[in-house]
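Hi there,

Here is the structure I promised to pass on. Have a look at it first, and then read my notes underneath.

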Amino acid sequence: MRDLTYPPIIVACKAAFRLLGQKIQMSGTEHVPHTGGVLLAVNHVGYVDFIYGGLAANPSGRKVRFMSKRELFDHRYTGPLMRSLHHIEVDRGAGTASYDTAVDYLKAGEAVGIFPEATISRAMELKEFKTGAVRIAAAAGVPLVPVVLWGTQRMMTKDHPKDFSRGKTILIRVGEPQHPAGVDPVAETAELRAAMSRMLDEAIAAYPTDEQPPGAWWVPASRGGSAPTLEEAARLDAEERVRRAAQRAAREEQR
């Protein structure tokens with residue numbers, strides 16, 4: 001693929017990291033192969049996760065094509081940018097096209113990124129995973145590499161104001177690749193989720209204590225934070241879906 005936009009975007013992002021004084025700590029990046037198709041499964045706690053998820057593959061010289069919701073491609077500003085970066089449009093009402101595109105990308109030797117939770121976790125813990133990640137990796141015959149981010153939610157996430165103040169620590173952990181066969185996607189998805197859950201626990205435990213005080217809103221309730229529980233987050237997600245459906249219906253009526 002011709003990448004006219006991606007290289008300068010990477011340079012700009014790295015400059016922004018320095019400008020923000022971010023302390024980015026990466027580990028396990030050697031698990032991302034330098035060549036050949038690879039699918040990165042990334043947890044989802046904030047709106048900037050695709051930037052830092054892509055950074056996990058940067059030491060291997062890879063440019064990650066993320067599977068992203070259709071709304072980003074429909075937007076007048078982000079749409080052209082997403083297409084220039086060769087990201088993959090996901091229409092949740094017709095997922096077959098994005099599945100096929102991801103498999104084609106991987107078979108062509110590209111690095112593809114996917115969020116198995118599909119949406120941001122308000123609980124800051126792993127939500128239930130969709131089986132798409134293991135099915136895509138199995139269909140393409142490529143390794144599935146788990147990636148866990150922690151600290152990105154402090155900048156921009158659901159239900160909280162943006163905060164791009166300086167000096168935040170961002171943890172990026174890359175785990176050992178898995179090789180789904182596709183025989184039992186449910187069991188293989190559970191294996192992926194278990195591995196990423198362990199990685200997330202380790203990341204939270206390793207985060208600087210002076211930046212993660214007891215009761216912090218970005219920390220799971222199960223770890224002493226004040227983020228919603230998974231059950232509370234599920235209720236908020238359901239309410240959000242109802243609001244968005246009503247907004248879509250109102251827009252259709254106005255046309």
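Below is what I found, going from the sheet to the cores and then to one loop residue. Keep in mind that this is a predicted model.

**The sheet**

Start with the strands. There are seven of them in an open sheet, and if you walk across it you meet β1, β7, β6, β2, β5, β3 and β4 in that order, with mixed pairing. As a bit of background, strands of a sheet pair through backbone hydrogen bonds, and they can do so in a parallel or an antiparallel way. The two edges are β1 (23–27) and β4 (88–90); each has a single partner strand, so one side of each has no neighbour in the sheet. From one strand to the next, the twist averages 20 degrees.

Now for some of the pairs. β6 (residues 144–150) and β7 (residues 169–174) are antiparallel and share four bridges. One residue to find there is W150, whose bridge partner in β7 is L171. Helix α7 (residues 185–206) packs on the sheet and touches β2 (38–42), β6 and β7. The direction of α7 makes about 30 degrees with that of β6.

Over at β3 (residues 64–69), the pairing is parallel with β5, through three bridges, and also parallel with β4, again through three bridges. To spot these pairs on screen, look for R65, which has V112 in β5 as its bridge partner, and K69, which is partnered by V90 in β4. β3 is mostly covered, too: five of its six residues are buried.

**The cores**

Which residues touch the most other members of the largest nonpolar core? They are L39, M67, I136, L144 and W150, out of 36 residues in that core. Two or more residues each come from β2, β4, α5 (96–107), β5 (111–114), α6 (132–140), β6 and α7. Of these, α7 gives the largest share, with six residues.

I136 is a good one to click on. Leaving out residues up to four places away in sequence, I136 touches L39, M67, Y99, A102, V103, L106 and I114. There is also a second, separate core of 23 residues, and L40, L55, L149 and M155 are among them.

**One loop residue: T152**

Finally, go to the loop between β6 and β7, where you will find T152. Is T152 buried or exposed? Buried means under 20% relative accessible area, and T152 counts as buried because its relative accessibility is 0%.

What does T152 touch, not counting residues up to four places away in sequence? The list is V45, G46, V48, D49, Y52 and I170. With D49 there is a polar contact as well, side chain to side chain, at 2.5 Å. You can also try the distance to M124: the two residues are 28 apart in sequence, and their C-alpha atoms are 11 Å apart in space.

Have fun clicking around!

Definitions and conventions. Residues numbered from 1 in each chain as written. Predicted model: local features only at pLDDT ≥ 70, side-chain atom pairs only at ≥ 80, totals over all residues. Heavy atoms only, no water. Pairing = 2+ DSSP bridges. Axes fitted to C-alpha atoms, helices over the stretch in contact; angles between N-to-C directions. Contact = heavy atoms within 4.5 Å. Core = buried A, V, L, I, M, F, W, Y, C linked by side-chain atoms within 4.5 Å. Buried < 20%, exposed > 50% of the residue type's maximum accessible area, 1.4 Å probe, protein only. Polar contact = N/O pair within 3.5 Å; in protein donor to acceptor, adjacent residues only side chain to side chain.
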